[in-house]
Amino acid sequence: MKVRNPRTGEYDYDLMEDATELIAEKAEETRAAQKAWRNLTIGERVAVLQKWLGSFTEFQTEIAEQLAIDTARKRIAAVETGGIIGLMQAWSYRAPQLYNPPAERPSASATTVQIRQQWVPYSLVGVISPWNFPLLLALIDTIPALLAGCGVLLKPSEVTPRFMDGLEKSIAAVPELAAVLKLVRGGAEAGKAVVNSVDAICFTGSVPTGKKIGAVCAERFIPAFLELGGKDPAIVLKDADMEVTTDAILRSCVGATGQACQSLERIYVAETIHDQFVNEITAKAETVTMTINPEEGQMGPLIFQAQAEKIQEQIDDALSKGAKLYTGGKVEDINGGLWCRPTVLTNVTHDMKVMTEETFGPVIPIMAFKTEEEALHLANDSIYGLSASVFSKNNDKAIEIASQLEVGAVSINDGSLTNKVYDAEKNSFKESGINGSRMGDAGFLRFFRKKAILIQTALPEKMADFEESSF
């Protein structure tokens with residue numbers, strides 16, 4: 001498979017796709033190795049993870065360089081690799097604290113029975129990750145699954161796959177890990193093979209693809225942990241600090257070129273401050289610099305060509321229906337890369353795609369509202385329910401509004417805090433996802449099935465005890 005360089009537009013990397021038969025072999029090998037892996041103590045698995053931490057650190061620079069090519073983001077690539085080190089350290093500390101099956105106890109309903117519980121990890125977990133944060137979203141599920149005692153088949157996106165070369169070297173340096181963690185290369189067909197080979201799936205990606213995977217998992221009767229798209233709203237109340245609010249919303253909307261599921265994509269502003277807000281965020285948006293010279297600037301090109309086309313389609317749809325453009329508005333081809341400057345739109349409505357479909361780009365559509373009830377209605381008028389933001393100098397009022405939003409997490413006086421806070425459990429609402437949270441303690445505990453061993457300490461009942469004439 002030919003892989004496109006987002007900075008140059010050239011297809012300059014070849015991804016050798018794994019055949020279905022090879023994926024089946026990897027699954028079989030990992031299943032076999034997982035039997036010994038699950039029998040290790042949690043401390044022994046942590047020790048292996050610490051070895052991987054050491055080898056990952058050795059290849060960190062190489063992996064970051066590969067990420068920087070695939071995403072055209074040097075600084076974020078370095079932050080992403082550093083974040084994986086933090087993730088390994090955090091789970092190495094937290095997982096042993098969480099692994100605590102209950103002590104044997106008597107049953108409350110059958111007093112002669114003792115209950116012993118076991119936590120049984122899924123034998124083989126499939127992780128399918130997206131192109132926008134290739135390393136982080138590949139390992140955010142993989143690391144706790146491994147510590148739980150699962151084997152893992154990991155298939156990153158074929159759009160940004162170069163980092164797998166360095167990552168695979170770091171895995172190969174730890175043979176105990178390499179036996180239970182195998183990378184799968186390829187596109188949709190490879191993803192299907194993974195889904196059909198495992199006992200549980202962790203998928204991060206679009207709603208349409210997530211629904212297809214969920215349907216297959218339902219047919220196979222295996223759990224699917226789906227983290228899907230977002231169309232995150234921000235509600236700006238009339239008493240919001242304008243400087244803080246415009247800084248936070250701009251960063252959330254256009255940081256990483258808006259290519260994050262938790263980016264703010266719909267901005268609802270109190271009518272009395274709407275014009276001031278538009279003027280100030282437009283002025284700030286116009287100061288954002290592009291990394292056309294890769295050694296400087298704040299915002300890179302769009303990674304995925306197909307997404308760039310969707311972004312332009314949404315902008316054009318809005319303008320054709322009466323939206324007003326303040327800045328940006330055009331996907332540009334510069335030296336082969338596809339660039340979209342921060343785009344501010346007003347006069348938008350929920351009849352426009354830019355307010356109802358996931359954008360995944362640096363677009364800031366702004367609507368005015370008269371009442372808090374109207375703001376809540378607009379914010380909740382979506383098939384998505386990933387996260388949101390509320391801005392107000394009154395925290396109690398902001399929290400009151402937040403409690404009525406139909407989303408899994410709400411940032412107060414900031415945007416997209418879920419990309420920093422990993423230890424707060426949250427569930428996606430509506431079509432933004434389903435099943436156990438990857439955040440907080442659930443990120444580890446969801447990889448276990450609970451087994452009950454029921455020990456009879458008295459004589460068991462006999463059929464004679466059921467004689468009708470005895471009643």
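Angles under 35 degrees between helix axes count as roughly parallel. This cut-off is applied here to a predicted model.

Helix 4 spans residues 74-98, and helix 5 spans residues 136-148. Their axes cross at roughly 20°. Helix 4 and helix 5 are therefore roughly parallel to each other. The two axes come within 10 Å. The crossing of helix 4 past helix 5 is right-handed. On the helix 4 side, the contact is made by Glu-80, Ile-84, Leu-87, Met-88, Trp-91, Ser-92 and Ala-95. Helix 5 contributes Leu-136, Leu-139, Ile-140, Ile-143, Pro-144 and Leu-147. By class, this contact of helix 4 with helix 5 holds 11 nonpolar residues, 1 polar and 1 charged.

A second helix pair was examined in the predicted model. Helix 2 (residues 42-58) packs against helix 6 (residues 163-172) at an angle of about 140°. Their axes lie 8 Å apart. That angle makes helix 2 oblique to helix 6, because only angles over 145 degrees count as roughly antiparallel. The crossing of helix 2 past helix 6 is right-handed. Trp-52, Ser-55 and Phe-56 come from helix 2. They meet Leu-167, Ser-170 and Ile-171 of helix 6. The residues of this contact divide into 4 nonpolar and 2 polar, with no charged residue.

Attention then turned to open space. The second largest pocket holds about 1100 Å³. Its lining is made of 39 residues. Those closest to the pocket centre are Trp-131, Phe-203, Gly-205, Ser-206 and Thr-209. Four elements give two or more residues each to this lining: helix 8 (188-195), strand 8 (200-204), helix 9 (207-220) and helix 12 (305-320). Helix 9 gives the most, with 6 residues. The lining of the second largest pocket is mixed in class, with 17 nonpolar, 13 polar and 9 charged residues.

Enclosed space was also searched for. The whole structure has 1 cavity of 30 Å³ or more. About 30 Å³ of space lies in this largest cavity. Its lining includes Leu-226 and Glu-227. Lys-426, Asn-427 and Ser-428 also line the cavity. So do Gly-433, Ile-434, Asn-435, Gly-436 and Ser-437. Strand 9 (224-227) and strand 21 (433-434) each supply at least two of the lining residues. By class, the cavity lining has 2 nonpolar, 6 polar and 2 charged residues.

Notes: Residues are numbered from 1 along each chain as its sequence is written. This is a predicted model: local features need pLDDT of at least 70, side-chain atom pairs count only at pLDDT 80 or more; totals for chains, interfaces and linings use all residues. Side-chain values use heavy atoms; hydrogens and water are left out. On a 1 Å grid over the protein atoms alone, a cavity is a set of points where a 1.4 Å probe fits but cannot get out, and a pocket is an open set with protein on both sides within 12 Å along at least five of seven lines; lining residues have an atom within 4 Å of a point. Grid points are joined across faces, edges and corners, and a volume is the space filled by probe spheres set on the points. Ala, Val, Leu, Ile, Met, Phe, Trp, Tyr, Cys and Pro count as nonpolar, Asp, Glu, Lys and Arg as charged, and the others, Gly among them, as polar. Axes are lines fitted to C-alpha atoms, for helices over the stretch in contact, and angles run from 0 to 180 degrees between N-to-C directions. Angles under 35 degrees count as roughly parallel, over 145 as roughly antiparallel, 65 to 115 as roughly perpendicular and the rest as oblique. A crossing is left-handed if the near helix is turned anticlockwise from the far one by less than a right angle, and right-handed if clockwise. Contact means heavy atoms within 4.5 Å.
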